[in-house]
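Take a look at the model below. This report walks through its layout and then its ligand site.

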Amino acid sequence: MITLYTWGTPNGQKISIALEELQLPYEVRPVDITRGEQFDPAFLAISPNNKIPAIVDSDGPGGEPIALFESGAILIYLAEKAGRLLPAGPRSRYETLQWLMMQMGSVGPMLGQAHHFRRFAPEKIPYAIERYTKETARIYGVLDKHLAGREWLAGEQYSIADIATWPWIARHEWQGMDLVDFPNLRRWFDTIATRPAVQRGMEIPR
Ligand SMILES: N[C@@H](CCC(=O)N[C@@H](CS)C(=O)NCC(=O)O)C(=O)O
């Protein structure tokens with residue numbers, strides 16, 4: 001059984017969407033990061049960087065339990081465990097990992113800063129709002145250009161690269177973005193939004 005430690009944020013939703021897509025049985029342990037539960041010593045033993053998501057799989061490699069943090073590592077682990085959502089062919093596998101890393105290194109951190117300075121910062125700092133909104137628009141432009149004439153971010157199939165990126169684009173309004181300005185990204189976004197597993201994953205934790 002997999003235990004998912006999560007909260008209702010894009011990084012957490014990536015993992016619940018992947019678990020739903022892969023139909024792996026899991027139980028949910030909400031970690032309320034607005035109340036500091038990520039600093040609980042029991043959670044830190046699993047996720048030492050005090051962030052959700054994290055998982056514990058009682059049936060890890062060699063049949064032994066494994067604990068994992070960092071959503072990119074968890075997505076690779078789950079895809080390899082189930083044998084789906086990460087292509088086996090070397091070219092499409094590296095392409096998928098490349099766009100997964102683009103999400104981990106750029107999409108998440110930069111859009112996350114846009115959320116912070118546009119919505120949550122106690123004071124409005126025009127320099128920070130402009131910097132991260134502009135960087136968000138640049139990243140949307142990169143994704144939009146890449147998706148011109150292709151259905152998925154990597155390879156020929158829906159993959160963990162799409163799953164990692166989608167919940168961040170779902171918060172486009174928080175980031176001051178209008179998908180009308182990014183038609184290829186919008187088509188990709190709307191297609192994935194219809195997937196029942198994505199809809200279920202977005203509701204976790206209930
Ligand atoms: N690179 C990490 C980022 C995870 C992350 O930023 N999680 C946030 C919620 S979206 C969190 O737990 N924040 C609590 C904290 O920093 O104290 C991943 O992808 O797993």
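## Two domains

The centres of domain 1 and domain 2, taken over C-alpha atoms, are 21 Å apart. Their contact draws 18 residues from domain 1 and 18 residues from domain 2. Keep in mind that this model is predicted.

Where do the domains run along the chain? Domain 1 covers 2-85, and domain 2 covers 90-198.

## The ligand's pocket

Find the ligand next. It occupies the largest pocket. Around the ligand there are 13 residues. Q38, K51, I52, E70 and S71 come nearest.

What classes of residue make up the shell around the ligand? Five residues are nonpolar and five are polar. Three are charged.

## Polar contacts

Now zoom in on single atoms. Three side chains deserve a look here.

Start with S71. An N or O atom in the side chain of S71 lies 2.6 Å from an oxygen atom of the ligand. Turn to E70. A polar atom of the E70 side chain is 2.8 Å from a ligand nitrogen atom. Then find N50. Its side chain has a polar atom 3.2 Å from an oxygen atom of the ligand. Each pair counts as a polar contact because the cut-off is 3.5 Å between N or O atoms.

## Cover

How much of the ligand's accessible area does the protein cover? On its own, the ligand has 520 Å² of accessible area. The protein covers 77% of that area.

Terms used
Residues are numbered from 1 along each chain as its sequence is written. This is a predicted model: local features need pLDDT of at least 70, side-chain atom pairs count only at pLDDT 80 or more; totals for chains, interfaces and linings use all residues. Side-chain values use heavy atoms; hydrogens and water are left out. A residue is near a molecule or strand if one of its heavy atoms lies within 4 Å of it. A polar contact is a pair of N or O atoms within 3.5 Å; within protein, one must be able to donate a hydrogen and the other to accept it, and residues adjacent in sequence count only if both atoms are side-chain atoms. Accessible areas come from the Shrake-Rupley method with a 1.4 Å probe; for residues, only the protein chains shown count as cover. On a 1 Å grid over the protein atoms alone, a cavity is a set of points where a 1.4 Å probe fits but cannot get out, and a pocket is an open set with protein on both sides within 12 Å along at least five of seven lines; lining residues have an atom within 4 Å of a point. A molecule sits in a cavity or pocket if more than half of its atoms lie within 2 Å of its grid points. Ala, Val, Leu, Ile, Met, Phe, Trp, Tyr, Cys and Pro count as nonpolar, Asp, Glu, Lys and Arg as charged, and the others, Gly among them, as polar. Domain bounds come from an automatic or database domain assignment. Contact means heavy atoms within 4.5 Å.
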